[in-house]
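User: Please take me through some of the terms used for this structure, and show for each how the value leads to the word.

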Amino acid sequence: MIADANSFFWWQWVVDRQATVRDAVLAHIQQTLIAVVVGFAISIVLAAIALRWNWTVRPITWTAALIYTIPSLALFTVLIPITGLTLLTAEIALVGYTLLNLVPTIIAGLQNVPPDALDAADGMGMNRRRRFLSVELPLAAPQIIAGLRIATVSTVGLVTISSFVALGGGVGQFITDGRARDFSTPIVLGVGLSILLAVAFDLVFVAAEHWATPWVRARGGGRRG
Amino acid sequence: MTATLHGPVAIELDGVTKTFEGSGSAAVAELTLSIPRGELVVFVGPSGCGKTTTLRMINGLERPTSGIVSIDGQDISRRDTTDVRREMGYVIQQVGLFPHRTVRANIATVPKLLGWSRDRIADRLDELVELMDLEPSVLDRYPAALSGGQQQRVGVARALAADPPILLMDEPYSAVDPVVRAKLQRELIDLHRRLGTTIVMVTHDIDEAIIVADRIAVFADGGHLAQYATPDSLLANPADEFVAEFLGEERSLRRLGLAPLKSVALRAVGADNCGLPQLDIDATARQALDLLLSSGEDQVVVTRAGQVLGAVGLAELTGALDQPT
């Protein structure tokens, strides 16, 4: 690799900015996690409402889908005059986007719990809260984790976009910087880190699902405890 | 409220009616039935006759529209339903094991709800493994890794975990093949004999009912009780056309199948019986009849451990049918 400012990727430029790169990655992770955690909390409540009052399923999933159809750049731009150039602006939009992936998967996961397991839980004298925590939630876990996985990976990409409108300091700032100066190294760095973060989060969820749902694999092997 | 085990338990349904919302007719209509302590009672009838609904009213999974269900003389609507349910074992059609929990955790469900100590649960698990003839190695598996018969045994072990005075079973053997089914039925009879638990079981299979029951409640459409009697007197005297048709053919033969040779009066035989067919006293009257027919003789010698006790012929076997129990 040729080491100067005109090459496609100038390694020394990155090495000189190690601290900045590290801070950007950490900020990116932080923004992603805040969005997913808050989005998950809201989604659980919405899913609980939807399952408790069946008629709310449609309006809730419809609203989540509607938010998702708004182009992200447009939503960021609309929010800036209201909440300013702050992390809050970015997070409002990011949380909104997680709902489409989370709410329907949580609802579906809970609806797919085998009815005979629920009947057995009731028949053995579990109360509603106990049944929800120790039967419904674990049995819905594979679908819920799948939803979290998609929501997280797409949030990583959206955080990158949020820095285009100067919101937050994720790795997208390198892409913005590179485009402004017509300098390829930061663009490659930003894109590369964005992809690496998405893959890393994805792998974390694969591991989480493997760990949280050993029973899913029981059908084939049947010897693990 | 969990320590009232093996007291004077009996289940009493008094004028119980259940009408489901949006349904014009009652699923169960004015049902009055009492289940004596320690008996194995089977509810049988065509599908939609209200037998499952009745079972579910006993543990409060369905609430009667009117009428009273009482356990041990206590109206269950005046008690906390979760307490009532924890005092009763419950086995359902598709077994209903929790797929995300190991066999061990499945069986320990009710003891945990009752707050038993870890040691007490472990001891009880050992007992249940032995009682249900399970291999200890299945305890750490997940239900999906078990065969249908094993799942069914685990389902019963889970229902019996807290040693409940009452066991409710809703079509427990519908998902297993006939060979396993016959084995599980024999195990149930044996279990009932050993534990003395009051068992209420729902099935649509009259043969199953005749095999396992002390007493059978035949339900007709609309949740009416058509007849409530022992298997033998049901076969001897069906109350009406519906019950007779539901019982099916060859009722006398099936009654003989229920009668152990012990209950048949034997005739004396002389010392010159060596040419005659022999049968052990533990056989049924039906087996004696079969041997009688296949041998072409007019009597069968009954023995115990090789010792001749007497003999039965057609007259004795007919006599066994004369006395409905």
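**From value to term**

Analyst: In this predicted model, helix α6(A) is followed by Gly125(A), a residue whose phi is positive, near 90°.

User: Which residues of α6(A) are buried, and what makes a residue count as buried?

Analyst: A residue is called buried if 20 or more other C-beta atoms lie within 10 Å of its own. In helix α6 (residues 115-123) of chain A, the residues that meet this are Ala117(A), Ala120(A), Ala121(A), Asp122(A) and Gly123(A). What covers them includes α7 (128-162) of chain A, together with α2 and β6 (88-91) of chain B.

User: How many residues does each chain bring to the contact between chains A and B?

Analyst: Chain B gives 21 residues and chain A gives 18 residues. On the side of chain B that touches chain A, α2 (81-86) and α4 (109-113) of chain B each supply at least two residues. That side of chain B is made up, by class, of ten nonpolar, seven polar and four charged residues.

User: Why is α8(A) called roughly antiparallel to α9(A)?

Analyst: The axes of helix α8 (residues 172-181) of chain A and helix α9 (residues 184-212) of chain A cross at roughly 155° and come within 7 Å. Angles over 145 degrees count as roughly antiparallel, and therefore α8(A) is described as roughly antiparallel to α9(A). The crossing in which α8(A) passes α9(A) is left-handed.

User: Which residues make that contact between α8(A) and α9(A)?

Analyst: From α8(A) come Gly172(A), Phe174(A), Ile175(A), Asp177(A), Gly178(A) and Arg179(A), while α9(A) contributes Ser184(A), Thr185(A), Pro186(A), Ile187(A), Leu189(A), Gly190(A) and Val191(A). The residues of this contact divide into six nonpolar, five polar and two charged.

User: In chain B, what makes β11 and β13 the edges of their sheet?

Analyst: The sheet is open, with three strands in the order β11-β12-β13 (chain B) and mixed pairing. β11 (278-280) and β13 (307-312) of chain B each have a single partner strand, so one side of each is left without a neighbour in the sheet, and they stand at its edges. Neighbouring strands of this sheet are turned by 35° against each other on average, direction ignored.

User: How do you know that β12(B) and β13(B) are paired, and how many bridges join them?

Analyst: Two strands pair if at least two bridges are found between them. Five bridges join strand β12 (residues 300-304) of chain B to β13(B), and these two strands run antiparallel, so the pairing condition is met. As one example of a bridge, Arg304(B) has Gln307(B) in β13(B) as its partner.

Note on methods. Residues are numbered from 1 along each chain as its sequence is written. Chains are lettered from A and ligands numbered from 1 in the order in which they are written. This is a predicted model: local features need pLDDT of at least 70, side-chain atom pairs count only at pLDDT 80 or more; totals for chains, interfaces and linings use all residues. Two residues are in contact if their C-beta atoms, placed from the backbone, lie within 7 Å. Helices (H or I, at least four residues) and strands (E, at least two) are DSSP runs, numbered from the N terminus. Ala, Val, Leu, Ile, Met, Phe, Trp, Tyr, Cys and Pro count as nonpolar, Asp, Glu, Lys and Arg as charged, and the others, Gly among them, as polar. Axes are lines fitted to C-alpha atoms, for helices over the stretch in contact, and angles run from 0 to 180 degrees between N-to-C directions. Angles under 35 degrees count as roughly parallel, over 145 as roughly antiparallel, 65 to 115 as roughly perpendicular and the rest as oblique. A crossing is left-handed if the near helix is turned anticlockwise from the far one by less than a right angle, and right-handed if clockwise. A residue is buried if 20 or more other C-beta atoms lie within 10 Å of its own, exposed if 12 or fewer, and partly exposed in between; C-beta atoms are placed from the backbone.
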